[in-house]
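Please open the model in your viewer and keep the sequence panel beside it. We will begin with the whole chain and then select a few places one after another.

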Amino acid sequence: MAHCTCEEALGKVLDSEEEFAFSSEEEQESDDEWLHFEKRLDPAEDENDSDQMPVAKKARTNKQSALTWKTETEDDLVPQSLRFMPARDPGPQLWSTDAYTPLSLFKLFFSESTVSTLCYNTNAQAARSVERGRKYRWTDVSVGEMYRYFGLIFYMGMVKLSSINDYWRQGSLFSVPFPATVMSRDRYRTISWNMHMSHPAADKENDKKKGTDEYDRLFRVKPLMDTIRLACKTIYHPRRNLAVDERMVVCKANTRMTQYMKAKPTKWGFKLFVLTDSSNGYTVDFSVYTGKNNIATGNGLPYDAVMDLLDKEKLGSGYHVYMDNFFTSPKLLTDLLDMRYGACGTYRDYRKNSPQNAANSLTKNSPRGSIRWIRNGPLVFVKWMDTREVSVCSTIHPAYTGDTVQRRVKAQDTWSLKTFPCPAPVTAYNQYMGGVDLSDQLLQYYTAQHKTLKWYRKIFLHFLDIAATNSFTIHKELYGNMTHKEFMQQLIAELCGVSPKIPQKRAESGHVPVPGAPLSTDTRKVASSGRRICVHCKAAHGKKQQTPWKCQACDVHLCLQLTRNCFQEWHKAL
């Protein structure tokens, strides 16, 4: 379908804008008036609520009611495209002349200096535990040993057993020999018990601030978290399409930060807000939700979470950001556009400044593939009927460009594919919003997560997952010659300082040449003792050649000379 130009559609847009939007003065005045009168009315006290509705709310409802949803047969203007100006060239920010192994890429996130700090804090925590009377032997962990500890964690992510002790169990059909060659079980457990990302003395000072605004709930993970976040943003620069979503790190610890999300596969845990590259699932940035909004601007948690992840100075401008209905609001999309970021996402109908009572809306009986849209300046609101109604808002796309989708439908007890029209924002959303899902999928394949005694070690394990998954993504961008499984196997081997391939042991065999007679010191019998006819010479050539050698397993005499090797020829036929 051809689209009208901006000049031809300008009149239509201005008309719709006049109907849809308040002027800034009117909106502020009406908002103040509504806030003054806002309260819940009890229907039992007054049957006619509309008579007691505040004037400002009546005016807003009337303006929205005057709007009309348009269909796909009506043309929408094509928004002006934002110029893509990234701060750096998209892709890995590494020297193209250097060769990178899985371990060298992993060390870009967990550098030796970072691991050295981790060792220092872990040793301090262990010393504190021993002072408190813990009954175990402790020697300070070194950087090399810490890397081997990481290797074992990843190994356990690939080889799943029911408990940690099973990895060191011996004398069983299901024993795995590798962990015991890296470190003892008790050493692994004591390192796990004392793993610490912050210094215990600093933790104590922070704990004294509980109940005040100065208390930092993430204090125990913040040193390492800041390092990983900086590495994620420094080592790789994302391509144009980004996705923002929530991610859950499984944990049922009794903390104020633990969240419950019914719609997520992992329902209990820590909630992270994550920014990913839609093309490959690379985790560009993330933040951990602590149960309260620490950067409140008055625009709500979803608004602040997105703004916190989008660092224009480091990213550049012209990016397209995709998000789900938890984040999307007209104000957020408008403010992102002012920052030179396009945005698209599903939205909830009750969001402020979204069209709620416009005429010609979709109904439950609307046929599948029906499209409705309203444009308000740079914002286009689109509704599409699939198996249920889908609502999308965008500053990037026109309402409809002729895209179609295929769906399986059942008619007369027969399933068949049928083509339906699909709005442009919905098509783009389905294509690019999967960045976080791809990232979550890669994280879950060989996740390091397992049961821990402390909540902050759950987040530490997630940092390991992010580092390993991002390292694989970069390796794939650079070389593309390894599967995820092969990459993890190589990484584990390099972390533990072993070869990924164990040389095969030669099968024990009794087929070896031995003298046909007992050994003797009598030199007179050396030439004739134990000589018998070679069975191969007799069978193959009909000759009666005598030889002093025989096969130990077969107990037959066979020639073994420089001119003929009946021993080898005989065993080829076995």
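With everything displayed as a cartoon, you are looking at a predicted model, and its secondary structure comes to 20 helices and 19 strands. Of the 574 residues in the protein, 44% are buried, while the accessible surface comes to about 31600 Å², of which 50% belongs to carbon and sulfur atoms.

Next, select residues 371-376, which form strand β11, and notice that 6 of its 6 residues are buried. If you show the side chains, you will find Ile371, Trp373 and Arg375 pointing one way from β11, with Arg372, Ile374 and Asn376 pointing the other way.

Now add residues 379-385, strand β12, which pairs with β11 in the antiparallel sense over 6 bridges. Within this pairing, arginine 375 stands opposite valine 380 in β12. The two strands, β11 and β12, form a hairpin with 2 residues between them, and in that turn glycine 377 has a positive phi of about 65 degrees.

For the last stop, move to helix α17, residues 455-478, and select aspartate 465, which has its place there. Which side chain of opposite charge is nearest to aspartate 465? That side chain is lysine 160, but it is 8.3 Å away, and aspartate 465, although buried, has no salt bridge. A polar atom of the aspartate 465 side chain does, however, lie 2.8 Å from the backbone nitrogen of alanine 448. To see the surroundings, also show Leu443, Tyr446, Thr447, Ala448 and Gln449, with which aspartate 465 is in contact, leaving aside its neighbours within four places in sequence.

Technical notes. Residues numbered from 1 in each chain as written. Predicted model: local features only at pLDDT ≥ 70, side-chain atom pairs only at ≥ 80, totals over all residues. Heavy atoms only, no water. Helix = DSSP H or I, 4+ residues; strand = E, 2+ residues; numbered from the N terminus. Buried < 20%, exposed > 50% of the residue type's maximum accessible area, 1.4 Å probe, protein only. Areas by Shrake-Rupley, 256 points an atom, 1.4 Å probe, with all protein chains shown as cover. Pairing = 2+ DSSP bridges. Lys, Arg positive; Asp, Glu negative; His and termini not counted. Salt bridge = Lys/Arg side-chain N within 4 Å of Asp/Glu carboxyl O. Polar contact = N/O pair within 3.5 Å; in protein donor to acceptor, adjacent residues only side chain to side chain. Contact = heavy atoms within 4.5 Å.
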